[in-house]
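Dear colleague,

Please find below the structure that I am handing over to you, together with its sequence. My notes come after it.

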Amino acid sequence: MSVTVRVPAKVNAQLAVGAARPDGFHDLANVFLAVGLYDEVTATPAASLRLTCTGPDADQVPLDESNLAARAARALAGRYGVEPAVHLHLAKDIPVAGGMAGGSADAAGALVACDALWGTHAPREELLEICAELGSDVPFSLVGGAALGTGRGERLRPLEVGGTFHWVFAVADGGLSTPAVYREFDRLTEGTDVPEPVASDALLSALAKGDATALAAALTNDLQPAALSLRPALADTLAAGREAGALAALVSGSGPTTAFLAPDAETATRVARSLTASGTCRTARTTTAPAPGATVLS
Ligand code: C5P
């Protein structure tokens, strides 16, 4: 008697960041694209809430109450007056603290898995509300596909995608703290006039047409200078991917994973091989986008 949910990673095709708000968050125009790297969350009845984790970075995942998956289970249980007596197992394939929303994926996965296991059958709107309370990227992990996130990224509008995009992700050694990257963004932009974040029409149209060349020309990440400032070696990874034939290279979200858009599957494989051989990353993975959101497997 257990439920397994598969949840995708994301890349930000556009991450436009506004000035820090009074609450410390930043208004965003965040074009999320779900990609085919997945975590799986399995919920099984247990005596009390318990977390386990497997995967290449499992030792870096906190297994206490601070874990977003545990907080998701507690949030749902609290609303429905259910005991959060569940064992959550996280089979992690998404890089940890990598800028690909792995923690958010686990939260969305835990929520959907517990909802099915406990038979709470929360309406989708309520699940999305809980997701938004848990973190800015969690609602997108639930819905997947492609979406424009505004506010702090939690208010979503689904976007049309007219084809399959081929991506390569270079996984770095060690993670980067998202709050630290935003703080570095604040430091780098101090005293400057940070414009209101606005979604790029060129980018939305490239997505809708499935045009990789146009998408490559429109990809932007306002957190990239901050991530590069904290981790200057990422510039070498970006350069290695470009030299290997990527149409574009950028930091994924707050990093340190770097993302490379390829024109086709063959080029993606070649770029991944070159990146791995370059010694500028731990490993490189190929995948496609868009990918579906949180999906119950069993
Ligand atoms: O929402 P979430 O908990 O994932 O955000 C993690 C951190 O990232 C926040 O504490 C904040 O420092 C930063 N952040 C931000 N503006 C956003 C989203 C996140 O400053 N829109």
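The notes below go from the whole chain to single residues.

Please bear in mind throughout that this is a predicted model.

Overall architecture

The protein chain contains ten helices and twelve strands. Its radius of gyration is 18 Å, close to the 19 Å given by the globule rule for 298 residues, so the chain is as compact as a globular protein of that length. Along the principal axes, the C-alpha trace spans about 55 × 40 × 35 Å. Of the 298 residues, 53% count as buried. The contacts were also sorted by sequence separation: among those between residues at least 6 apart in sequence, 76% join residues at least 24 apart.

As to the surface, the chain exposes about 12100 Å², and carbon and sulfur atoms supply 52% of that area. There are 21 positive and 32 negative side chains, and the centres of these two sets lie 3 Å apart.

Two buried residues with polar side-chain contacts

D57 is placed in the loop between β3 (50-54) and α1 (68-80). With a relative accessible area of 8%, which falls under the 20% cut-off, D57 is therefore buried. Its side chain forms a polar contact of 3.0 Å with the side chain of R282. Setting aside residues up to four places away in sequence, D57 touches P95, V96 and R282; R282 is thus listed both as a neighbour and as the polar partner of the D57 side chain.

H26 belongs to strand β2, which covers residues 26-45. This histidine is buried as well, its relative accessible area being 5%. The side chains of H26 and D186 make a polar contact of 2.7 Å. Beyond residues up to four places away in sequence, H26 touches V17, G18, A19, A20 and R21, along with G151, R152, Y182, F185 and D186.

The loop between β4 and α2

Which residues deserve attention in the loop that connects β4 (86-91) to α2 (102-118)? One of them is M100, which lies in this loop and counts as buried at 0% relative accessibility. M100 and V11 are 89 residues apart in sequence, yet their C-alpha atoms are 5.9 Å apart in space. With neighbours within four places in sequence left aside, M100 is in contact with A9, K10, V35, L37, I94, P95, F169, S252 and T257. P95 is in this list and also among the residues that D57 touches.

A101 lies in the loop between β4 and α2 too. Its phi is near 65°, a positive value in a residue other than glycine. At 11% relative accessibility, A101 counts as buried.

Helix α2 and the loop that follows

W118 is found in helix α2. Apart from residues up to four places away in sequence, this tryptophan touches A73, L76, A77, V82, E83, P84, A85 and V86. By contrast, the C-alpha atoms of W118 and G162 are separated by 37 Å, although these residues are 44 apart along the chain.

H121 lies in the loop between α2 and α3 (124-134). H121 also has a positive phi, of about 45°, although it is not a glycine. Is H121 buried or exposed? At 61% relative accessibility, H121 counts as exposed, whereas A101 counts as buried.

Cis peptide bonds

Two cis peptide bonds are to be reported, and a proline takes part in each of them. G255 and P256 are joined by one, with omega at about 5°; P256 lies in the loop between β9 (248-251) and β10 (258-262). A289 and P290 are joined by the other, with omega at about 0°. P290 is placed in the loop between β11 (283-289) and β12 (295-296).

Points to look at in the model

When you open the structure, the following places may serve as a guide:

- the polar contact between the side chains of D57 and R282;
- the polar contact between the side chains of H26 and D186;
- M100, with its contacts to residues including A9, F169 and T257;
- the positive phi values of A101 and H121;
- the cis peptide bonds before P256 and P290.

With kind regards

Terms used: Residues numbered from 1 in each chain as written. Predicted model: local features only at pLDDT ≥ 70, side-chain atom pairs only at ≥ 80, totals over all residues. Heavy atoms only, no water. Helix = DSSP H or I, 4+ residues; strand = E, 2+ residues; numbered from the N terminus. Rg over C-alpha atoms; globule rule 2.2 N^0.38 Å. Buried < 20%, exposed > 50% of the residue type's maximum accessible area, 1.4 Å probe, protein only. Contact = heavy atoms within 4.5 Å. Areas by Shrake-Rupley, 256 points an atom, 1.4 Å probe, with all protein chains shown as cover. Lys, Arg positive; Asp, Glu negative; His and termini not counted. Charge placed at Lys NZ, Arg CZ, Asp CG, Glu CD. Polar contact = N/O pair within 3.5 Å; in protein donor to acceptor, adjacent residues only side chain to side chain.
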